[in-house]
Amino acid sequence: MKIPPVKGTRDFYPQDMAVRNWIIDGWKKVSVRNGFEEYDGPIFEYLKMFQLKSGDEIVEQLFSLKDRGGRDLAIRPEITPTLARMVNQKINSLPRPIKWFSVPRLCRAERPQRGRLREFFQWNIDIIGVEDGLKKNLADAEVIFTTVDYLRKVGLTDKDIKVKISSREVLANYLRSLDVPEDKLEPIYVVLDKKNKLPSETFEQMLGEQVPDNKIVNKIVDFMSVDSIPQLEELVKIKSESGEYSAYLDIKMVLDNLTMMGIKDFCVYDPSIVRGLAYYTGIVFEVHDTAGELRAICGGGRYDNLLRDFGGPAIPATGMGMGDCVLEILLREKGLLKPEPRELDYFVACIGFIGEEAWRIVAKLRSMGYSAAFSYKAGNLSKQLKEASAQKAEKCIIIGQEEIEEGKIKVKDMATGQQKKIDEDKFFEELKSESK
Ligand code: HAM
(Lines give C-alpha, C1' and ligand atoms only; values in the text may rest on other atoms or scores of the structure.)
Protein backbone atom coordinates (compact mmCIF):
# COMPACT_ATOMS: atom_id res chain seq x y z
CA MET A 1 0.00 0.00 0.00
CA LYS A 2 1.44 3.35 -1.06
CA ILE A 3 0.70 6.22 1.31
CA PRO A 4 1.05 9.69 -0.23
CA PRO A 5 2.41 12.70 1.70
CA VAL A 6 -0.24 14.80 3.45
CA LYS A 7 -1.68 17.70 1.42
CA GLY A 8 0.21 20.95 1.95
CA THR A 9 3.36 19.32 3.36
CA ARG A 10 6.78 18.94 1.74
CA ASP A 11 9.36 16.18 1.62
CA PHE A 12 12.87 17.57 1.80
CA TYR A 13 15.18 15.43 -0.33
CA PRO A 14 18.89 16.32 0.14
CA GLN A 15 18.72 18.89 -2.69
CA ASP A 16 15.67 20.57 -1.10
CA MET A 17 17.30 20.37 2.29
CA ALA A 18 20.29 22.30 0.93
CA VAL A 19 17.92 25.11 -0.13
CA ARG A 20 16.09 25.08 3.19
CA ASN A 21 19.34 25.21 5.16
CA TRP A 22 20.69 28.00 2.99
CA ILE A 23 17.58 30.11 3.62
CA ILE A 24 17.55 29.41 7.35
CA ASP A 25 21.32 29.96 7.76
CA GLY A 26 20.92 33.35 6.06
CA TRP A 27 18.07 34.30 8.44
CA LYS A 28 20.17 33.29 11.44
CA LYS A 29 23.30 35.14 10.30
CA VAL A 30 21.36 38.36 9.65
CA SER A 31 19.57 38.07 13.02
CA VAL A 32 22.86 37.77 14.85
CA ARG A 33 24.52 40.67 13.03
CA ASN A 34 21.50 42.82 13.92
CA GLY A 35 21.84 41.92 17.60
CA PHE A 36 19.07 39.31 18.05
CA GLU A 37 19.46 36.18 20.23
CA GLU A 38 17.87 32.84 19.34
CA TYR A 39 15.04 31.21 21.33
CA ASP A 40 12.52 28.44 20.71
CA GLY A 41 9.45 26.96 22.38
CA PRO A 42 7.43 23.76 22.16
CA ILE A 43 5.79 22.65 18.92
CA PHE A 44 2.40 22.42 20.65
CA GLU A 45 0.74 24.58 23.26
CA TYR A 46 -2.63 24.74 25.00
CA LEU A 47 -5.29 25.42 22.39
CA LYS A 48 -6.46 28.52 24.23
CA MET A 49 -3.05 30.17 23.69
CA PHE A 50 -3.96 30.67 20.05
CA GLN A 51 -7.66 31.29 20.59
CA LEU A 52 -7.06 34.18 22.95
CA LYS A 53 -5.64 36.95 20.78
CA SER A 54 -4.59 35.79 17.32
CA GLY A 55 -7.98 36.32 15.66
CA ASP A 56 -10.57 34.14 13.93
CA GLU A 57 -8.53 33.42 10.80
CA ILE A 58 -5.77 31.66 12.75
CA VAL A 59 -8.31 29.87 14.97
CA GLU A 60 -10.02 28.42 11.90
CA GLN A 61 -6.67 27.12 10.67
CA LEU A 62 -5.55 25.36 13.84
CA PHE A 63 -4.45 21.75 13.91
CA SER A 64 -5.82 20.84 17.32
CA LEU A 65 -5.62 17.63 19.31
CA LYS A 66 -6.51 16.18 22.68
CA ASP A 67 -3.80 14.55 24.76
CA ARG A 68 -4.45 11.39 26.78
CA GLY A 69 -5.39 13.46 29.80
CA GLY A 70 -8.15 15.15 27.77
CA ARG A 71 -6.28 18.49 27.51
CA ASP A 72 -6.99 20.55 24.40
CA LEU A 73 -3.76 21.32 22.57
CA ALA A 74 -2.82 22.78 19.19
CA ILE A 75 0.23 22.65 16.95
CA ARG A 76 1.68 26.15 16.80
CA PRO A 77 0.46 28.21 13.80
CA GLU A 78 2.77 31.06 14.89
CA ILE A 79 5.30 31.62 17.68
CA THR A 80 4.33 35.11 18.89
CA PRO A 81 1.94 33.87 21.64
CA THR A 82 4.68 31.47 22.84
CA LEU A 83 7.14 34.37 22.88
CA ALA A 84 4.70 36.45 24.96
CA ARG A 85 4.22 33.53 27.37
CA MET A 86 7.97 32.90 27.69
CA VAL A 87 8.81 36.57 28.25
CA ASN A 88 6.01 36.98 30.84
CA GLN A 89 7.30 33.92 32.70
CA LYS A 90 10.73 35.52 33.31
CA ILE A 91 9.85 39.17 32.98
CA ASN A 92 11.75 40.30 36.07
CA SER A 93 15.02 38.61 35.21
CA LEU A 94 15.26 39.43 31.50
CA PRO A 95 17.36 42.48 30.61
CA ARG A 96 15.40 44.83 28.35
CA PRO A 97 15.01 45.47 25.56
CA ILE A 98 14.58 41.84 24.65
CA LYS A 99 15.74 41.27 21.06
CA TRP A 100 15.07 37.65 20.15
CA PHE A 101 14.77 35.63 16.97
CA SER A 102 13.49 32.16 16.14
CA VAL A 103 12.89 29.92 13.13
CA PRO A 104 9.98 27.68 14.15
CA ARG A 105 8.30 25.01 12.03
CA LEU A 106 4.62 26.02 11.95
CA CYS A 107 1.36 24.38 10.84
CA ARG A 108 -1.78 26.06 9.57
CA ALA A 109 -4.69 24.17 8.01
CA GLU A 110 -4.86 26.69 5.14
CA ARG A 111 -6.01 25.88 1.65
CA PRO A 112 -2.67 25.00 0.04
CA GLN A 113 -1.80 27.42 -2.76
CA ARG A 114 1.26 29.06 -4.31
CA GLY A 115 3.37 30.25 -1.38
CA ARG A 116 0.96 29.02 1.30
CA LEU A 117 1.29 25.51 2.69
CA ARG A 118 0.11 23.62 5.76
CA GLU A 119 3.58 23.25 7.19
CA PHE A 120 6.32 25.84 6.77
CA PHE A 121 9.27 27.55 8.43
CA GLN A 122 9.01 31.12 9.60
CA TRP A 123 11.76 33.54 10.61
CA ASN A 124 10.68 35.67 13.56
CA ILE A 125 12.42 38.74 14.97
CA ASP A 126 10.92 40.66 17.87
CA ILE A 127 11.91 43.59 20.09
CA ILE A 128 10.15 43.77 23.46
CA GLY A 129 10.45 46.42 26.14
CA VAL A 130 11.30 49.65 24.32
CA GLU A 131 8.92 52.01 26.12
CA ASP A 132 9.70 55.58 25.09
CA GLY A 133 7.54 56.95 22.21
CA LEU A 134 10.32 58.01 19.84
CA LYS A 135 12.42 54.95 20.63
CA LYS A 136 9.39 52.77 19.88
CA ASN A 137 9.49 54.20 16.36
CA LEU A 138 13.18 53.31 16.25
CA ALA A 139 12.42 49.72 17.32
CA ASP A 140 9.77 49.41 14.56
CA ALA A 141 12.36 50.74 12.12
CA GLU A 142 14.99 48.29 13.39
CA VAL A 143 12.66 45.35 12.74
CA ILE A 144 12.05 46.62 9.20
CA PHE A 145 15.76 47.32 8.68
CA THR A 146 16.71 43.79 9.76
CA THR A 147 14.09 42.36 7.39
CA VAL A 148 15.45 44.39 4.47
CA ASP A 149 19.02 43.62 5.54
CA TYR A 150 18.29 39.93 4.87
CA LEU A 151 16.37 40.51 1.63
CA ARG A 152 19.17 42.73 0.32
CA LYS A 153 21.82 40.20 1.36
CA VAL A 154 20.24 37.53 -0.83
CA GLY A 155 20.28 39.93 -3.76
CA LEU A 156 16.79 41.46 -3.89
CA THR A 157 16.64 45.17 -4.71
CA ASP A 158 14.06 47.93 -4.29
CA LYS A 159 12.98 47.10 -7.86
CA ASP A 160 12.01 43.58 -6.75
CA ILE A 161 10.32 44.21 -3.41
CA LYS A 162 8.66 46.93 -1.35
CA VAL A 163 8.02 47.23 2.36
CA LYS A 164 4.46 48.53 2.64
CA ILE A 165 3.96 50.36 5.92
CA SER A 166 0.81 51.54 7.62
CA SER A 167 -0.69 51.94 11.10
CA ARG A 168 -3.59 50.16 12.77
CA GLU A 169 -3.89 53.10 15.15
CA VAL A 170 -4.23 55.67 12.37
CA LEU A 171 -6.91 53.49 10.82
CA ALA A 172 -8.69 52.98 14.15
CA ASN A 173 -8.68 56.72 14.84
CA TYR A 174 -10.01 57.42 11.38
CA LEU A 175 -12.81 54.87 11.78
CA ARG A 176 -13.67 56.34 15.20
CA SER A 177 -13.83 59.81 13.65
CA LEU A 178 -16.50 58.38 11.32
CA ASP A 179 -18.42 57.19 14.41
CA VAL A 180 -17.79 53.52 13.66
CA PRO A 181 -18.57 51.66 16.92
CA GLU A 182 -15.64 50.13 18.83
CA ASP A 183 -16.86 46.52 18.46
CA LYS A 184 -16.91 46.91 14.66
CA LEU A 185 -13.22 47.83 14.37
CA GLU A 186 -11.87 44.29 14.40
CA PRO A 187 -14.38 42.83 11.89
CA ILE A 188 -13.60 45.79 9.63
CA TYR A 189 -9.84 45.13 9.85
CA VAL A 190 -10.50 41.55 8.71
CA VAL A 191 -12.35 42.83 5.63
CA LEU A 192 -9.79 45.57 4.89
CA ASP A 193 -6.96 43.03 5.13
CA LYS A 194 -8.57 41.19 2.21
CA LYS A 195 -8.84 44.31 0.00
CA ASN A 196 -5.99 43.39 -2.33
CA LYS A 197 -6.99 39.74 -2.50
CA LEU A 198 -10.63 40.32 -3.61
CA PRO A 199 -12.42 41.86 -6.62
CA SER A 200 -13.43 45.43 -5.68
CA GLU A 201 -17.22 44.72 -5.76
CA THR A 202 -16.85 41.75 -3.40
CA PHE A 203 -14.67 43.87 -1.13
CA GLU A 204 -17.16 46.76 -1.02
CA GLN A 205 -20.03 44.35 -0.46
CA MET A 206 -18.21 42.72 2.48
CA LEU A 207 -17.42 46.15 3.90
CA GLY A 208 -21.08 47.12 3.47
CA GLU A 209 -22.06 44.15 5.63
CA GLN A 210 -20.04 45.65 8.49
CA VAL A 211 -20.86 49.32 7.82
CA PRO A 212 -24.44 49.82 6.64
CA ASP A 213 -23.98 53.55 5.87
CA ASN A 214 -22.85 53.94 2.24
CA LYS A 215 -21.27 57.34 2.84
CA ILE A 216 -19.01 55.85 5.49
CA VAL A 217 -18.10 52.95 3.20
CA ASN A 218 -17.03 55.46 0.55
CA LYS A 219 -14.95 57.39 3.08
CA ILE A 220 -13.21 54.20 4.16
CA VAL A 221 -12.53 53.28 0.52
CA ASP A 222 -11.10 56.81 -0.03
CA PHE A 223 -8.86 56.45 3.02
CA MET A 224 -7.60 53.12 1.73
CA SER A 225 -6.49 54.73 -1.53
CA VAL A 226 -4.34 57.49 0.01
CA ASP A 227 -0.82 56.79 -1.19
CA SER A 228 1.41 59.55 0.14
CA ILE A 229 2.32 60.99 3.50
CA PRO A 230 1.28 64.59 2.61
CA GLN A 231 -2.13 63.26 1.52
CA LEU A 232 -2.44 61.29 4.74
CA GLU A 233 -1.33 64.27 6.78
CA GLU A 234 -4.04 66.37 5.17
CA LEU A 235 -6.67 63.78 5.96
CA VAL A 236 -5.77 63.11 9.58
CA LYS A 237 -4.96 66.75 10.35
CA ILE A 238 -8.50 67.69 9.48
CA LYS A 239 -9.63 65.06 11.94
CA SER A 240 -7.33 66.03 14.82
CA GLU A 241 -7.67 69.78 15.02
CA SER A 242 -7.81 69.48 18.81
CA GLY A 243 -4.02 69.17 18.55
CA GLU A 244 -3.94 65.83 20.36
CA TYR A 245 -1.27 63.25 19.56
CA SER A 246 -1.82 61.93 16.10
CA ALA A 247 -0.75 58.37 15.38
CA TYR A 248 0.15 59.42 11.86
CA LEU A 249 3.35 60.86 13.36
CA ASP A 250 4.46 57.28 14.08
CA ILE A 251 4.34 56.49 10.38
CA LYS A 252 6.26 59.65 9.59
CA MET A 253 8.89 58.96 12.26
CA VAL A 254 9.35 55.32 11.22
CA LEU A 255 9.78 56.39 7.59
CA ASP A 256 12.26 59.10 8.66
CA ASN A 257 14.23 56.50 10.62
CA LEU A 258 14.27 54.16 7.62
CA THR A 259 15.55 57.04 5.45
CA MET A 260 18.30 57.66 8.00
CA MET A 261 19.14 53.92 7.91
CA GLY A 262 19.58 54.14 4.15
CA ILE A 263 16.66 51.96 3.00
CA LYS A 264 14.15 54.66 2.02
CA ASP A 265 13.82 53.30 -1.51
CA PHE A 266 12.54 49.99 -0.21
CA CYS A 267 9.75 51.56 1.83
CA VAL A 268 6.35 53.05 1.00
CA TYR A 269 3.28 54.13 2.94
CA ASP A 270 0.35 51.91 2.00
CA PRO A 271 -2.96 52.11 3.91
CA SER A 272 -4.14 48.80 2.46
CA ILE A 273 -1.82 47.02 4.92
CA VAL A 274 -4.02 46.11 7.87
CA ARG A 275 -2.78 42.57 8.76
CA GLY A 276 -4.92 39.56 9.47
CA LEU A 277 -3.88 38.96 13.09
CA ALA A 278 -5.95 40.60 15.81
CA TYR A 279 -3.21 41.66 18.24
CA TYR A 280 -1.54 44.47 16.27
CA THR A 281 -1.95 47.92 17.81
CA GLY A 282 0.20 50.39 15.86
CA ILE A 283 2.65 50.33 12.95
CA VAL A 284 2.03 47.33 10.67
CA PHE A 285 3.93 46.30 7.56
CA GLU A 286 4.27 43.65 4.88
CA VAL A 287 6.87 43.03 2.21
CA HIS A 288 5.50 42.32 -1.27
CA ASP A 289 7.05 41.58 -4.66
CA THR A 290 6.72 44.68 -6.85
CA ALA A 291 5.19 42.64 -9.66
CA GLY A 292 2.32 41.88 -7.26
CA GLU A 293 2.20 38.25 -8.35
CA LEU A 294 2.84 36.59 -5.03
CA ARG A 295 1.33 36.58 -1.55
CA ALA A 296 3.11 38.61 1.16
CA ILE A 297 6.75 37.65 1.67
CA CYS A 298 6.50 38.62 5.33
CA GLY A 299 4.44 40.65 7.74
CA GLY A 300 4.68 42.18 11.17
CA GLY A 301 4.02 45.14 13.36
CA ARG A 302 3.57 46.55 16.84
CA TYR A 303 1.59 44.60 19.44
CA ASP A 304 1.70 46.61 22.64
CA ASN A 305 -1.06 44.73 24.50
CA LEU A 306 -0.25 41.07 23.88
CA LEU A 307 1.96 40.51 26.95
CA ARG A 308 -0.68 42.15 29.14
CA ASP A 309 -3.41 40.04 27.51
CA PHE A 310 -1.41 36.94 28.48
CA GLY A 311 -1.41 37.99 32.12
CA GLY A 312 1.90 39.90 32.17
CA PRO A 313 2.71 43.57 32.52
CA ALA A 314 1.86 46.02 29.71
CA ILE A 315 5.14 45.97 27.82
CA PRO A 316 5.36 47.28 24.27
CA ALA A 317 6.52 44.90 21.55
CA THR A 318 7.14 44.85 17.83
CA GLY A 319 8.27 42.18 15.37
CA MET A 320 7.79 40.31 12.15
CA GLY A 321 7.48 36.84 10.63
CA MET A 322 8.78 35.68 7.21
CA GLY A 323 7.84 32.29 5.78
CA ASP A 324 10.16 30.25 3.58
CA CYS A 325 7.61 29.50 0.80
CA VAL A 326 7.01 32.79 -1.03
CA LEU A 327 10.62 33.76 -0.43
CA GLU A 328 11.84 30.58 -2.11
CA ILE A 329 9.54 31.08 -5.11
CA LEU A 330 10.69 34.67 -5.59
CA LEU A 331 14.40 33.87 -5.20
CA ARG A 332 14.07 30.96 -7.64
CA GLU A 333 12.32 33.18 -10.20
CA LYS A 334 15.04 35.82 -9.89
CA GLY A 335 17.88 33.27 -10.10
CA LEU A 336 19.00 34.20 -6.59
CA LEU A 337 18.67 30.82 -4.95
CA LYS A 338 22.26 29.81 -4.21
CA PRO A 339 22.45 26.89 -1.82
CA GLU A 340 26.02 26.16 -0.84
CA PRO A 341 27.47 23.10 -2.59
CA ARG A 342 28.37 20.22 -0.31
CA GLU A 343 31.98 20.43 0.71
CA LEU A 344 34.25 17.45 0.37
CA ASP A 345 37.93 17.82 1.26
CA TYR A 346 39.16 14.41 0.04
CA PHE A 347 37.95 11.57 -2.12
CA VAL A 348 40.02 8.41 -1.73
CA ALA A 349 40.23 6.31 -4.91
CA CYS A 350 41.89 2.93 -5.17
CA ILE A 351 43.27 0.97 -8.08
CA GLY A 352 42.31 -2.68 -7.80
CA PHE A 353 40.34 -4.26 -4.99
CA ILE A 354 41.98 -2.70 -1.94
CA GLY A 355 38.88 -1.12 -0.40
CA GLU A 356 40.05 -1.66 3.16
CA GLU A 357 43.15 0.52 2.43
CA ALA A 358 40.93 3.31 1.15
CA TRP A 359 38.77 2.96 4.24
CA ARG A 360 41.79 3.20 6.53
CA ILE A 361 42.80 6.51 4.94
CA VAL A 362 39.22 7.84 4.88
CA ALA A 363 38.82 7.06 8.58
CA LYS A 364 42.14 8.75 9.41
CA LEU A 365 41.17 11.90 7.47
CA ARG A 366 37.74 12.05 9.11
CA SER A 367 39.26 11.58 12.57
CA MET A 368 41.44 14.61 11.87
CA GLY A 369 38.39 16.74 11.05
CA TYR A 370 38.44 16.55 7.23
CA SER A 371 35.49 15.45 5.16
CA ALA A 372 36.39 12.36 3.15
CA ALA A 373 34.58 9.84 0.98
CA PHE A 374 35.32 6.75 -1.09
CA SER A 375 33.42 4.67 -3.59
CA TYR A 376 31.40 1.63 -2.63
CA LYS A 377 31.28 0.67 -6.30
CA ALA A 378 34.99 -0.20 -6.75
CA GLY A 379 34.94 0.73 -10.44
CA ASN A 380 38.04 1.61 -12.44
CA LEU A 381 40.03 4.73 -11.60
CA SER A 382 38.38 7.02 -14.15
CA LYS A 383 34.93 6.10 -12.81
CA GLN A 384 36.10 6.85 -9.29
CA LEU A 385 37.55 10.21 -10.40
CA LYS A 386 34.21 11.05 -12.01
CA GLU A 387 32.50 10.22 -8.74
CA ALA A 388 35.00 12.48 -6.94
CA SER A 389 34.16 15.36 -9.33
CA ALA A 390 30.43 14.75 -8.91
CA GLN A 391 30.90 15.04 -5.16
CA LYS A 392 32.89 18.28 -5.68
CA ALA A 393 35.96 16.90 -3.95
CA GLU A 394 38.78 19.39 -3.57
CA LYS A 395 41.51 16.72 -3.64
CA CYS A 396 41.67 13.09 -4.57
CA ILE A 397 43.99 10.58 -2.92
CA ILE A 398 44.89 7.69 -5.20
CA ILE A 399 46.35 4.43 -3.94
CA GLY A 400 47.33 1.27 -5.79
CA GLN A 401 49.34 -1.84 -4.97
CA GLU A 402 52.55 0.03 -5.88
CA GLU A 403 51.84 2.92 -3.51
CA ILE A 404 50.96 0.55 -0.66
CA GLU A 405 54.26 -1.30 -1.06
CA GLU A 406 56.21 2.02 -1.06
CA GLY A 407 54.23 3.51 1.83
CA LYS A 408 53.22 6.39 -0.42
CA ILE A 409 50.03 7.99 -1.74
CA LYS A 410 49.21 10.10 -4.79
CA VAL A 411 47.43 13.41 -4.11
CA LYS A 412 45.57 14.99 -7.02
CA ASP A 413 44.34 18.58 -6.90
CA MET A 414 40.94 18.38 -8.62
CA ALA A 415 40.92 22.05 -9.68
CA THR A 416 44.36 22.16 -11.34
CA GLY A 417 44.69 18.47 -12.18
CA GLN A 418 48.20 18.49 -10.65
CA GLN A 419 49.25 15.29 -9.00
CA LYS A 420 52.12 14.40 -6.66
CA LYS A 421 53.32 11.26 -4.96
CA ILE A 422 54.37 11.60 -1.32
CA ASP A 423 55.07 9.50 1.77
CA GLU A 424 51.82 8.72 3.52
CA ASP A 425 53.36 9.46 6.93
CA LYS A 426 54.72 12.81 5.75
CA PHE A 427 51.33 13.68 4.22
CA PHE A 428 49.53 13.07 7.51
CA GLU A 429 52.27 14.86 9.49
CA GLU A 430 51.76 17.96 7.34
CA LEU A 431 47.97 17.67 7.61
CA LYS A 432 48.22 17.45 11.38
CA SER A 433 50.00 20.81 11.52
CA GLU A 434 47.20 22.47 9.55
CA SER A 435 44.48 20.26 11.09
CA LYS A 436 41.02 21.79 11.47
P1 HAM B 1 1.50 36.20 9.55
O2 HAM B 1 1.15 37.35 8.66
O3 HAM B 1 0.42 35.29 9.94
O4 HAM B 1 2.20 36.83 10.85
O5 HAM B 1 2.65 35.38 8.87
C6 HAM B 1 3.85 36.00 8.50
C7 HAM B 1 4.43 35.34 7.29
O8 HAM B 1 4.51 33.93 7.46
C9 HAM B 1 3.64 35.51 6.01
O10 HAM B 1 3.87 36.76 5.41
C11 HAM B 1 4.19 34.36 5.19
O12 HAM B 1 5.49 34.67 4.72
C13 HAM B 1 4.35 33.28 6.23
N14 HAM B 1 3.16 32.40 6.24
C15 HAM B 1 2.02 32.56 6.91
N16 HAM B 1 1.17 31.54 6.66
C17 HAM B 1 1.81 30.72 5.81
C18 HAM B 1 1.48 29.46 5.17
N19 HAM B 1 0.33 28.85 5.37
N20 HAM B 1 2.39 28.92 4.35
C21 HAM B 1 3.59 29.51 4.15
N22 HAM B 1 3.96 30.66 4.71
C23 HAM B 1 3.08 31.27 5.54
C24 HAM B 1 2.59 36.09 11.92
O25 HAM B 1 2.66 34.90 11.94
C26 HAM B 1 3.07 36.94 13.09
N27 HAM B 1 3.15 36.07 14.26
C28 HAM B 1 4.37 37.60 12.74
C29 HAM B 1 4.90 38.46 13.85
C30 HAM B 1 5.98 38.20 14.64
N31 HAM B 1 4.37 39.62 14.22
C32 HAM B 1 5.08 40.09 15.23
N33 HAM B 1 6.04 39.25 15.50
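**E5 and its partners**

I started with the pairing of E5 and E7, in what is a predicted model. E5 and strand E7 (residues 119-128) run antiparallel, and I count five bridges between them. To fix the register I looked up Trp100, which sits opposite Asp126 in E7.

Then I turned to the other pairing of E5, with strand E1 (residues 37-38). Here the sense is parallel, with two bridges. The pair I noted is Glu38 facing Phe101 of E5.

Next I asked myself which way the side chains of E5 point. Ile98, Trp100 and Ser102 go one way, while Lys99 and Phe101 go the other. That fits the textbook pattern: in a regular strand, side chains alternate between the two faces of the sheet. Is E5 mostly covered or mostly exposed? Mostly covered: five of the five residues in E5 (98-102) are buried. I wrote down that this includes Lys99, a buried residue on the face it shares with Phe101.

**Just before E5**

I checked the peptide bonds leading into the strand. The one joining Arg96 and Pro97 is cis, with omega about 0°. Pro97 belongs to the loop between helix H4 (80-89) and E5. I flagged this bond because most peptide bonds are trans.

**H7 and what it packs on**

Which residues of helix H7 (residues 185-193) are buried? My list reads Leu185, Ile188, Tyr189, Val191, Leu192 and Asp193. I followed them outward to see what they pack against, and found helix H6 (168-177), helix H8 (200-210), helix H9 (214-224) and strand E10 (283-289).

From the H6 side I picked Leu171, which lies in that helix. Leu171 counts as buried because its relative accessibility is 3%, and the cut-off for buried is under 20%. Setting aside neighbours within four places in sequence, I get contacts from Leu171 to Tyr189, Leu192, Phe223 and Val274. Two names there were already in my notes: Tyr189 and Leu192 are among the buried residues of H7.

I also looked back along the chain from Leu171. Leu156 is 15 residues away in sequence, and the two C-alpha atoms are 30 Å apart.

**E10, E11, E12**

E10 came up as a packing partner of H7, and I went on to see what E10 pairs with. E10 and E11 are antiparallel, joined by four bridges. One register check: Val287 has Cys298 in E11 as its bridge partner.

On to the pairing of E11 with strand E12 (residues 317-323). This one is antiparallel too, over five bridges. Gly300 has Met320 in E12 as its bridge partner. How many residues of E11 (298-302) are buried? Five of five, and I put E11 down as mostly covered.

**Two positive phi values**

I went looking for backbone oddities away from glycine. Most residues other than glycine have a negative phi, and I therefore noted the exceptions below.

Arg275 is not a glycine, yet its phi is positive at about 80°. I placed Arg275 in the loop between strand E9 (267-269) and E10. Is Arg275 buried or exposed? Buried, because its relative accessible area is 11%, and buried means under 20%.

Lys392 is the other entry, also not a glycine, with a positive phi of about 55°. Lys392 sits in the loop between helix H15 (381-390) and strand E15 (393-399). Lys392 counts as exposed because its relative accessibility is 54%, where exposed means over 50%.

**Whole-chain numbers**

I left the overall figures for the end. The protein has 17 helices and 17 strands. What radius of gyration does the protein have? I get 28 Å, against near 22 Å for a compact globule of 436 residues. The C-alpha trace spans about 95 × 55 × 50 Å along the principal axes.

Of the 436 residues, 50% are buried. Taking contacts with a separation of 6 or more, I find that 68% come from residues 24 or more positions apart. The accessible surface is about 22300 Å², with 51% of it belonging to carbon and sulfur atoms.

My last look-up was charge. There are 66 positive and 69 negative charges, and their mean positions lie 3 Å apart.

Terms used
Residues numbered from 1 in each chain as written. Predicted model: local features only at pLDDT ≥ 70, side-chain atom pairs only at ≥ 80, totals over all residues. Heavy atoms only, no water. Rg over C-alpha atoms; globule rule 2.2 N^0.38 Å. Buried < 20%, exposed > 50% of the residue type's maximum accessible area, 1.4 Å probe, protein only. Contact = heavy atoms within 4.5 Å. Areas by Shrake-Rupley, 256 points an atom, 1.4 Å probe, with all protein chains shown as cover. Lys, Arg positive; Asp, Glu negative; His and termini not counted. Charge placed at Lys NZ, Arg CZ, Asp CG, Glu CD. Pairing = 2+ DSSP bridges.
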